[in-house]
Amino acid sequence: AYLLSRDNDIFNPRREQVCKSSEMTKPLSEYWINSSHNTYLTGDQLTSKSSVEMYTKALYRGCRCLELDVWDGARDEFGNPMPVVYHGRTLTSKIMFEDIIKSFDVFLMLNPKTYPIILSLENHCSIPFQQAMATQMKSILGRHLYVPDESSLRGSLPSPAQLRGKVVLKGRRPPTGAIDDYDTDDDAADDDLTEMQSVRTEKTSVTGNTKKPQTSVKIAPELAKLTLFHGTKFKSWGESGQALTHHMHSFSESRVRSFCKHNQSQSWIQYNQTHISRTFPSGNRTNSSNYSPILAWATGCQMVALNLQTPDEMVRMNYGRFRENGEQGYVQKPSTLMMKGVTEPRTTHIEVKILSGSCIPKPKGVSDGECINPYVSISLFDCSDGREATSTQVTNTVFNNGFSPIWKFEDSFHFDVKNACVAVMQFTVMDKNSTPTKTDEFIASASIPIACMRQGIRSVQLSDAHNTRSGAFDFASLLVLVKFQHCQAEI
């Protein structure tokens, strides 16, 4: 009973405990923050429904940076503007901005000790609707809304402990009355496209200008003064590093790979020690698929936004990352990402043996159907030399036994870990389909950061695709043997 219990979990229980308040007093830039992209969507990026419920689900799953695409809506019977949230210029449905803000207030009333909830505002509104946004947030959130004063905008960013129980805004805070020309994900994606077009153009021509003219937007002072994080246009790491710490950048996944490919990782790591970066999926992912967050985490990016409505392996990896610190949504970055100068990633070698399983349910936890044919896929999500490095190995299949499958003891799976502070190992149980033309079905998984992994004979507590361990998944687990080539004091 002990071997398969939570007491023997492969995830180090000390890393899973909620950190003491004294450990949450560093600036926000020193934490990874559980983040969502287009949080309101229930499915794809073009035709799916928008729902207020998606914000509540994300919050209860530990997400602490949520996105709102805000547009001009209609006016009520008294002529008051009613901003709406949806994926602009698509067939996605619209929901009221005010209803979303009310959901945050309810959540904070029930969970007053929550570390700060950051709202990433994609503001497409005219001035009257921006003023309405500010009015609604102040009236609904009241004391829960963090309003920075000018003195707090200088020096280091505030800490999670200082902002506990608060809603913090990310948007635009230009000087009063100034025209602001940059902030949204669309603008950042345009910059990425412009950069790639410029590189191609330089190879074939020395004339012409590929730059897309930016659309200037005036920001309502009422909304600007509520905003802490001011999204700005990236020009160079030197210039960005000299900016005030509440100035931040947003980058699409292609820009992440480009920076790392062109040996800018170290400059980015240094920038992220004092400032905030947010990354988001490519606009080409209209099916709401996800990119790997590993590279962005490895460069110290705090807000690595994913499409949480899609329960793929990347989202499951994100669940594993933020299982640390009691799923509070804030995990302190490793010391290697906070050191000055070039720091070599810590490496290790891991040997894994899958011994047995227990109480593994049928796909989606259904109660009827044939006995399952389980096998285990072990994947290491890692990075090396500015590139993602993913390796996957698979056990044999045990036929017609989900209750207590036993795999081949002699099979050992070896993994060379290049960046132990960031890498994540994912154990996935699949059901082998007896019909060759049909694909195997996902059953359950668990993602364990290498830095949180314990060696020895350990239990792997399995969850469903939505990171839920209840019902048919209550007792689902694997028994594994893990050996590190050498132990490290801190990884």
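Visitor: How do you know that β14 and β17 pair?

Guide: Five bridges join β14 to β17, and the two run antiparallel. Two strands pair if DSSP finds at least two bridges between them, so five bridges satisfy the rule. One of these bridges sets V352 opposite F413 in β17. The model is a predicted one, in which local features need pLDDT of at least 70 and side-chain atom pairs count only at pLDDT 80 or more, while totals for chains, interfaces and linings use all residues. Residues are numbered from 1 along each chain as its sequence is written, and side-chain values use heavy atoms, with hydrogens and water left out.

Visitor: What makes β14 and β21 a pair?

Guide: Strand β14 covers residues 348-358 and meets β21 in the antiparallel sense over eight bridges, which satisfies the pairing rule. I350, for instance, has F484 in β21 as its bridge partner. On the labels themselves: helices (H or I, at least four residues) and strands (E, at least two) are DSSP runs, numbered from the N terminus.

Visitor: Which strands are the edge strands of the sheet that holds β14?

Guide: That open sheet has four strands in the order β17-β14-β21-β20, with antiparallel pairing. Its edges are β17 (413-417) and β20, since each pairs on one side only. Neighbouring strands are turned by 35° against each other on average, direction ignored. For such angles, axes are lines fitted to C-alpha atoms, for helices over the stretch in contact, and values run from 0 to 180 degrees between N-to-C directions. Six bridges join β20 to β21 in the antiparallel sense, and V460 has L478 as its partner in β21.

Visitor: Why is strand β21 called largely enclosed?

Guide: Seven of the eight residues of β21 (477-484) are buried, so the rest of the structure largely encloses this strand. Buried means under 20% relative accessible area, exposed over 50%, and partly exposed in between (1.4 Å probe, protein chains only).

Visitor: Why is I457 called partly exposed?

Guide: I457 has a relative accessible area of 42%, which lies between the two limits, so the intermediate name applies. This residue is found in strand β20 (456-461). Together with Y2, L3 and L4, I457 forms a nonpolar patch on the surface, with about 360 Å² of accessible area. A patch consists of residues with over 30% relative accessible area and no salt bridge, where like charges are joined within 9 Å and nonpolar side chains (Val, Leu, Ile, Met, Phe, Trp, Tyr) within 5 Å.

Visitor: Why is the pair D9 and R323 called a salt bridge?

Guide: The closest N and O atoms of D9 and R323 are 2.4 Å apart. A salt bridge is a side-chain nitrogen of Lys or Arg within 4 Å of a carboxyl oxygen of Asp or Glu, so this pair qualifies. D9 lies in the segment before α1 (13-16) and R323 in the loop between α11 and β13 (330-332), so the bridge ties together parts that are 314 residues apart in sequence. With relative accessible areas of 2% for D9 and 12% for R323, both residues count as buried.

Visitor: Which residues are linked with R323 in a network of salt bridges?

Guide: The network joins R323 to R6, D9 and E16. For E16 and R323 the closest N and O atoms are 2.9 Å apart. E16 belongs to helix α1, 307 residues away from R323.

Visitor: How do you know that R257 and E253 are about one helical turn apart?

Guide: Both residues lie in helix α8 (253-261) and are four residues apart, which means a separation of about one helical turn. They also form a salt bridge, with the closest N and O atoms 3.0 Å apart. R257 has 34% relative accessibility and is therefore partly exposed, whereas E253 has 5% and is therefore buried.

Visitor: What makes α11 mostly covered?

Guide: Eight of the nine residues of α11 are buried, among them M314, Y319 and R321.

Key. Areas by Shrake-Rupley, 256 points an atom, 1.4 Å probe, with all protein chains shown as cover.
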